[in-house]
Amino acid sequence: MPGFNMAERRERRMDGTSGTSSTSSTSSTSKAADNGTKASGTKAGDAEASSGKAHGTVAQRLIEDHLLDGPMVPGEEIALRVDQTLTQDATGTLVMQELEALGLDRVRTEVSVQYVDHNILQADERNAEDHVFLRSAARRFGLWFSKPGNGVSHPTHMQRFGIPGRTLIGSDSHTCAAGSLGMLAIGTGGLEVALAMAGRPLYVTMPRIWGVRLTGQLPPWVSAKDVVLEMLRRHGVKGGVQRIIEYHGPGLAGLTAMDRHVIANMGAELGATATVFPSDEAVRAFLAAEGRAEDFAELATEPDAAYDLDEEIDLSSLEPLIARPTSPGNVVPVREVAGEPVGQAVIGSSANPGLRDFAMAAAMVEGRQTAGSVSFDVNPTSREILQDLTRSGATFALIAAGARIHQAGCLGCIGMGQAPAAGRNSLRTFPRNFPGRSGTEDDAVWLCSPETAAASALTGVITDPREWAGTHEVAYPRLRLPDRASVNTAMLQPPLPAGEAARVELERGPNISALPDLDPLPDTVEGPVLIKAGDDVSTDEISPAGAKALPYRSNIPKLAEFTLTRLDPDYPRRAAKTREDGGHLIVAGENWGQGSSREHAAITPRYLGLRAVLAKSFARIHWQNLANFGVLALEFDDPADHDRIEADDRLRLTGLRAAMAPDAPPGLRVRNVTRDEEYAVHHRLSPRQRRAVLAGGVIAALAREGDRD
């Protein structure tokens, strides 16, 4: 690869030496969980998890090798050394502004890459302005820059930069996809990425290690997407919270590295901190195909490995699955919903990014024509994959069948183009189907495999690919994929030398605002409850995706006008009125802030006067983002108290300066002034996070530390 030799960066392997890591053969002593129920394995694993018994697993070894501080005990805060970072254009502009605010001269990581893959639809000048700014920032701070159209960050990073045994964090929740290569890859808020680029550790709550043993082989017309949909069918969108999912067992032998990417990617939909696979022959073959065989290092479980939680999936027992609209966790067999009319079928995104996924769809539609009622859309996930599809003839087969070929990028996954018709079913191989995420208010998005999407595109109704194949006497395609990928680095620009980089000026267009100046937490917070929400509210509902809002990701005052408008169209106006009167609060149910890592979902409500969120529970990344920007995240001691509070009730919290002291107990009392009631709440903030909340956010806290120095 021009300008960068991964082999030169091998000084920190798993055993701390300059060679490859010490290895052992993959084995498992974990017990198999019952495979027949939706909650399979959960109760037994939860009972064992409190002991923190996991040892000898790939995840444990990755954490131990990068541990800088804290005990490896589930629930305790730990600090990890970060080797690599990635940012994308929808989150990267804020990250670069944060680097500027931190006074960074040059990134301290082994590798940091800025991708442009989300906001690549240039309907006006705003997205283009962001791209210019991001390129100038990458040149100034010493990052690689992946130009628009080069590819989605996750598969492209896997192809060009992923190394077994390394840590990777990214300002995108699907960064966990790189766990497919035996990396510890974690999606975070942008500020965590900025701090890591500045040489600081990543702080996370030590998770429990959830071992999922795979046996058997996938049957025809069933693929990797159905494996992770099965996990979501069993456990829902909260099943992986405060856990790392580690797949192991003999079933891995039939899964390629890109198959594993599909599964690891949607660990984010389970709420997991990360997903980890071993680095084995499948990873060796992948890296060799990418011309990076020297970057392979074997990483396997120890012979006596044990997990905090155990589960088993017999791959041979799986069937085609599909997630119904509005939640990735609403999974049913395709056969149960067969016959529903389809208006759109989309192949691509970071959740099905591999050459195999596109080639399978091409083989199914070759010589056929998609239904007249269906828009069949194809988003190649990288320039490399588009080249390989074209060389193999698959691109021609797709076009001849009626496919629309789009840019290599996220596009419809984030609602940046490809919005479906209102009320019409859209089948997508994407990771998420939250309401309105597609860019259409009244959308109906289903999540499925490429096989199900292609079969349905041909018939015009949701179709089990097994049924389609049987009806049309179609044999299961045996794909012949190239041994060597069409490596193309022309659109990947290396970092400038330090001296030249120091002379680069950041190029800001008029749509790029400054970071908001956030004031410290007052000793008393009193204000109205402007939003009373239920369970599983996503960051898409807090800070919407779609072509209307996304171009303002670097303009906080303008983006704030879209905040929470899916829950209350008048929220931005009402919230702004509270800023001069002490601010306001939000009351929420379980898993508040699930989904995307976008820190905008914390910044824009804070900009509008949000001081505290009282919830039954929080999604991991959003909880961290709230602390990063000075919003107090509190959880009800008694979840039933959620129902006692109504919208527009006035709540009061007092004595917050003392309550946030490093050694103060985590419990607080909140008074409902309107109803003359009190509720017990608590926080889970570490002393480090308490300092940040008190100061008004992490950047303000670091500035105070600098003043004291």
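This section describes a mixed sheet, the helices associated with the fold, the largest pocket and the surroundings of one aspartate in a predicted model.

The sheet is open and consists of six strands, arranged in the order 7-6-3-4-5-20 with mixed pairing. Its edges are formed by strand 7 (184-187) and strand 20 (492-493); each has a single partner strand, so one side of each is left without a neighbour in the sheet. At one of these edges, strand 7 runs parallel to strand 6 (residues 167-170), and four bridges join the two. Within this pair, Gly170 is placed opposite Gly187 of strand 7. In general, the strands of a sheet pair through backbone hydrogen bonds, in either a parallel or an antiparallel manner.

Two helices are associated with these strands. Helix 3 (residues 89-102) packs on the sheet, where it touches strand 3 (84-88) and strand 4 (111-115). The direction of helix 3 makes an angle of about 115° with that of strand 3. Helix 4 (residues 125-141) lies across strand 4, strand 5 (144-146) and strand 20. Relative to strand 5, helix 4 runs at about 155°.

Helix 2 (residues 58-66) is mostly covered, with eight of its nine residues buried. The buried residues of helix 2 include the hydrophobic Val58, Ala59, Leu62 and Ile63, together with Gln60, Arg61, Asp65 and His66.The largest pocket encloses about 910 Å³ of space. Its lining comprises 38 residues, and those nearest the centre of the pocket are Thr256, Met258, Asp259, Arg356 and Leu481. At least two lining residues are supplied by each of helix 8 (257-265), helix 9 (281-289), helix 11 (355-365) and helix 12 (383-392). Helix 9 provides the largest share of the lining, four residues.

Asp536 is located in the loop between strand 21 (525-532) and helix 17 (539-542). The relative accessibility of Asp536 is 24%, so this residue counts as partly exposed, the range for a buried residue being under 20%. Residues up to four places away in sequence being set aside, Asp536 touches Val237, Lys238, Glu541, Glu590, Asn591 and Gln594. With Lys238, the side chain of Asp536 also forms a polar contact of 3.3 Å. Asp536 and Phe618 are separated by 82 residues in sequence, while their C-alpha atoms lie 9.0 Å apart in space.

Definitions and conventions: Residues numbered from 1 in each chain as written. Predicted model: local features only at pLDDT ≥ 70, side-chain atom pairs only at ≥ 80, totals over all residues. Heavy atoms only, no water. Buried < 20%, exposed > 50% of the residue type's maximum accessible area, 1.4 Å probe, protein only. Contact = heavy atoms within 4.5 Å. Polar contact = N/O pair within 3.5 Å; in protein donor to acceptor, adjacent residues only side chain to side chain. Pairing = 2+ DSSP bridges. Axes fitted to C-alpha atoms, helices over the stretch in contact; angles between N-to-C directions. 1 Å grid on protein atoms, 1.4 Å probe; cavity = no way out; pocket = protein on both sides within 12 Å on 5 of 7 lines; lining within 4 Å. Points joined across faces, edges and corners; volume = space filled by probe spheres on them.
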